[in-house]
Amino acid sequence: MSTSITQDMAYRQSLMRYAENLMRYAEKYGVSRTSRKYNKSRSYIYFWKARWDGTVQFLACQSRRPHGHPNQHTEAELKLIRDMRRRNPDLGMVELWHRLRKRGYTRRPESLFRIMRKLGLFPAAEKKKHTAPNLTNR
C-alpha cells in the first residue's frame with residue numbers, strides 16, 4: 001500500500017480521532033456528536049470505526065471490483081468451444097451450439113455467442129472492393 005495520505009484519508013482520520021476522543025469521555029454521545037459535527041450519517045461513522053485500527057492505512061478506499069464471477073465459463077468449457085470451432089470452422093452458431101450441448105455444454109446460445117466474440121473465434125469479415133465512381137459517362 002502506498003504511504004501517501006490522500007485528502008479523504010486525512011478527513012476520515014480526523015473524524016475517527018474526534019469520535020475516539022468523545023468515546024473516551026462520553027460513550028453515550030460519541031457517534032451522534034461526530035455525525036452532527038462532520039455532517040455524516042451515523043452508519044458512515046460506524047462503518048469506518050469498525051475498519052479503523054488507529055493507522056491511516058485502514059482508512060484508504062478499497063477496490064469494489066469483484067474477485068471473480070460465479071457464472072463465468074470454466075476452462076473446460078472454453079477448451080471445448082475452441083476445439084469444436086477449430087474442427088468445424090464453417091458451422092453456424094445454432095449447429096455449433098447443438099453439437100456442444102451433446103458434449104456437455106449447458107449454457108444458452110447467447111452465452112456461446114458472447115464468449116466466442118470475446119475470444120475472437122469469428123472469421124474476419126471479407127472486405128468489400130472499393131470501386132471508384134465512373135465519371136466518364138456523364
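**Two helix pairs and how they cross**

In this predicted model, the axes of helix α4 (residues 75–87) and helix α5 (residues 93–102) come within 11 Å and cross at roughly 125°. Helices here are DSSP runs (H or I, at least four residues), numbered from the N terminus. The axes are lines fitted to C-alpha atoms over the stretch in contact, with angles running from 0 to 180 degrees between N-to-C directions. α4 and α5 are therefore oblique to each other, a word kept for angles outside the roughly parallel (under 35 degrees), roughly antiparallel (over 145) and roughly perpendicular (65 to 115) ranges.

Which residues make the contact (heavy atoms within 4.5 Å)? From α4 come Leu-80, Ile-81, Met-84 and Arg-85, and from α5 come Leu-96, Arg-99 and Leu-100. By class, that gives 5 nonpolar, no polar and 2 charged residues. Ala, Val, Leu, Ile, Met, Phe, Trp, Tyr, Cys and Pro count as nonpolar, Asp, Glu, Lys and Arg as charged, and the others, Gly among them, as polar.

Now for the other pair. Helix α2 (residues 30–38) packs on helix α3 (residues 42–51) at an angle of about 115°, with axes 9 Å apart. That makes α2 roughly perpendicular to α3. Here α2 contributes Val-31, Ser-32, Thr-34 and Ser-35, while α3 offers Arg-42, Ile-45 and Tyr-46. This contact has 3 nonpolar, 3 polar and 1 charged residues.

A note on reading the model: residues are numbered from 1 along each chain as its sequence is written, and side-chain values use heavy atoms, leaving out hydrogens and water. Local features need pLDDT of at least 70, side-chain atom pairs count only at pLDDT 80 or more, and totals for chains, interfaces and linings use all residues.

Note on methods:
Helices (H or I, at least four residues) and strands (E, at least two) are DSSP runs, numbered from the N terminus. Contact means heavy atoms within 4.5 Å.
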